[in-house]
Amino acid sequence: MNYYAAREIIRGGHGIGLYHYTVENGGGIFPVGYCSSYRTCPTCNGQAMAGMPCGACERGAIKVDPCPGHPTKEEAEEHYRQYELDGASFDGMDESAQHKCAICQVWTQRYATFSSKPYYLCDEHRNRAALDTLTQGRVGEAVSSW
Ligand SMILES: [Zn+2]
Ligand SMILES: [Zn+2]
Ligand SMILES: [Zn+2]
């Protein structure tokens, strides 16, 4: 099982008063999303350290600084929410049922996907701004089996 939560960063056995959004599993605790030091390499799609040349293809470079941590759990959760927003897709379609748009209640078969969950939204509202509104404060502690 994977246990997702904002956790205090530990260095040398002591908490440093800053938080990352992390996953805990059998292998330990790891920062995830934009709190992670790893990014997908734009050249080879492998995993590469932030701010370093990609070790796999030695061409791509990940031009972001690693996340230094956040003063509160809520800010760490928000950093992860931004990662999920950037990874959201807006092309979902339920062929078999109609659903009410989460914003205006108009019937729709279309949905956006945020953090592997569907958010039913009409053509007018199936965009990042609406998803941003709907997911405010929705990233917290979570458990997943993958
Ligand atoms: Zn972060
Ligand atoms: Zn690469
Ligand atoms: Zn709508």
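The centres of domain 1 and domain 2 sit 25 Å apart, taken over C-alpha atoms. The model behind this value is a predicted one, in which local features need pLDDT of at least 70, side-chain atom pairs count only at pLDDT 80 or more, and totals for chains, interfaces and linings use all residues. Residues are numbered from 1 along each chain as its sequence is written, while chains are lettered from A and ligands numbered from 1 in the order in which they are written.

Domain 1 covers 1–86 and domain 2 covers 88–146; such bounds come from an automatic or database domain assignment. Where the two touch, 10 residues come from domain 1 and 14 residues from domain 2, with contact taken to mean that two C-beta atoms, placed from the backbone, lie within 7 Å. On the domain 1 side, β1 and α1 are the elements that give two or more residues. Helix α1 brings the largest share of that side, 5 residues. Sorted by class, the domain 1 side that touches domain 2 has 6 nonpolar, 1 polar and 3 charged residues. Here Ala, Val, Leu, Ile, Met, Phe, Trp, Tyr, Cys and Pro count as nonpolar, Asp, Glu, Lys and Arg as charged, and the others, Gly among them, as polar.

Stepping back to the whole chain, the protein has 2 helices and 11 strands. These are DSSP runs numbered from the N terminus, helices being H or I over at least four residues and strands E over at least two. Along the sequence, the pattern reads β-β-β-β-β-α-β-β-β-β-β-α-β. Taken along the principal axes, the C-alpha atoms fill a box of roughly 55 × 35 × 25 Å. Of the 146 residues, 26% are buried; a residue is called buried if 20 or more other C-beta atoms (placed from the backbone) lie within 10 Å of its own, exposed if 12 or fewer do, and partly exposed in between. Among contacts with a separation of 6 or more, 34% join residues 24 or more positions apart.

Now for the sheets. Four strands make an open sheet in the order β3-β2-β1-β11, with antiparallel pairing; two strands are said to pair if DSSP finds at least two bridges between them. The edges are β3 (28–31) and β11 (142–144), each of which pairs on one side only. On average, neighbouring strands of this sheet are turned by 55° against each other, direction ignored. Within the sheet, β1 (residues 2–11) and β2 (residues 14–25) run antiparallel and share 8 bridges, and A6 has Y21 of β2 as its bridge partner. Helix α1 (residues 73–86) lies across β1 and β2, at about 40° to β2. Axes here are lines fitted to C-alpha atoms, for helices over the stretch in contact, and angles run from 0 to 180 degrees between N-to-C directions.

One residue of the edge strand β3 deserves a look: P31. It counts as buried because 22 C-beta neighbours fall inside 10 Å. Setting aside neighbours within four places in sequence, P31 is in contact with H20, Y21, T22, S36, S37 and C67. Further along, C41 lies 10 residues from P31 in the chain, and their C-alpha atoms are separated by 18 Å.

A second set of pairings involves β6, β9 and β10. Strand β6 (residues 89–93) runs antiparallel to β9 and is joined to it by 3 bridges, with M93 standing opposite R110 of β9. In turn, β9 pairs with β10 in the antiparallel sense over 4 bridges, and F114 finds its bridge partner in K117 of β10. Together β9 and β10 form a hairpin with 2 residues between them.

Two residues stand out for their backbone angles. Most residues other than glycine have a negative phi. S115, in the loop between β9 (110–114) and β10 (117–120), has a positive phi near 55°. With 19 C-beta neighbours inside 10 Å, S115 counts as partly exposed. N45 also has a positive phi, near 65°, and is found in the loop between β4 (38–40) and β5 (47–49). N45 counts as exposed, because it has 12 C-beta neighbours inside 10 Å.
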